[in-house]
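Me: Hi! Could you walk me through this model with me? I'd like to start with how the helices pack.
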Amino acid sequence: MAYYTRETLPDQPVLGARRPTINEYFLSSYTMSIYSGCEFACPYCDGWAYNPRSFSDVVRIPLELPKRLKADLMSVDRGDLVSITALSDPYQPVEQNYRLTRHVLQVFAEFGQPCLLLVKGLGVLDDIPLLQKIHERSLAVVMTTLLTVDRHMAERLEGKAPHRPCAWIC
Ligand code: SF4
């Protein structure tokens, strides 16, 4: 299990700059993360390149993120897709306690801002009603990965990540 710590966000937009061209993988204009660090510790994750020592050992929780996101979305085009994909799964185990991702999705629902989530955490199932609400107003996309159907290989490649039932992929 990771060590969790509260994070104070730097005084800058949580969405960062709008991309001049949309992201070729996620078709998004903005990218953001919710937690920082990832307890699932997949050995192939590019997160290791940025925080090699503490990437999976320490997960930071920015409690003010939903409020800050709200301020950022005031000046974002409602047609722009925001992808929540950056170097941390938005459904860390601690989401059960803090519901930070849920609060972020509530902000997206309030603004009708299209969003995309890349997830392995099963907590996303609890937020389906909220994702449906966003989708009714604009667009909500949930993506997951399927590296292999070989259980032995899966254990080696992402053994700490939740097992996603095949029903998710089909
Ligand atoms: S779940 Fe995603 S963010 Fe987390 S370690 Fe695996 S690939 Fe990286």
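Me: So what is the handedness of the crossing of helix 2 and helix 4?
Reply: The crossing of helix 2 and helix 4 is right-handed, meaning that the near helix is turned clockwise from the far one by less than a right angle, while anticlockwise would be left-handed. Helices here are DSSP runs of H or I with at least four residues, numbered from the N terminus. One caution: this is a predicted model, where local features need pLDDT of at least 70, side-chain atom pairs count only at pLDDT 80 or more, and totals for chains, interfaces and linings use all residues. Residues are numbered from 1 along each chain as its sequence is written, and side-chain values use heavy atoms, leaving out hydrogens and water.

Me: And at what angle do helix 2 and helix 4 pack?
Reply: About 25 degrees, with the axes of helix 2 (residues 65-73) and helix 4 (residues 100-111) 9 Å apart. Axes are lines fitted to C-alpha atoms over the stretch in contact, and angles run from 0 to 180 degrees between N-to-C directions. Helix 2 and helix 4 are therefore roughly parallel, the word for angles under 35 degrees.

Me: Which way does the crossing of helix 4 and helix 5 go, left-handed or right-handed?
Reply: Left-handed.

Me: Switching topic, which residues surround the ligand?
Reply: Among them are Cys38, Phe40, Tyr44, Asp89 and Lys120, each with a heavy atom within 4 Å of the ligand.

Terms used:
Helix = DSSP H or I, 4+ residues; strand = E, 2+ residues; numbered from the N terminus. Parallel < 35°, antiparallel > 145°, perpendicular 65-115°, else oblique.
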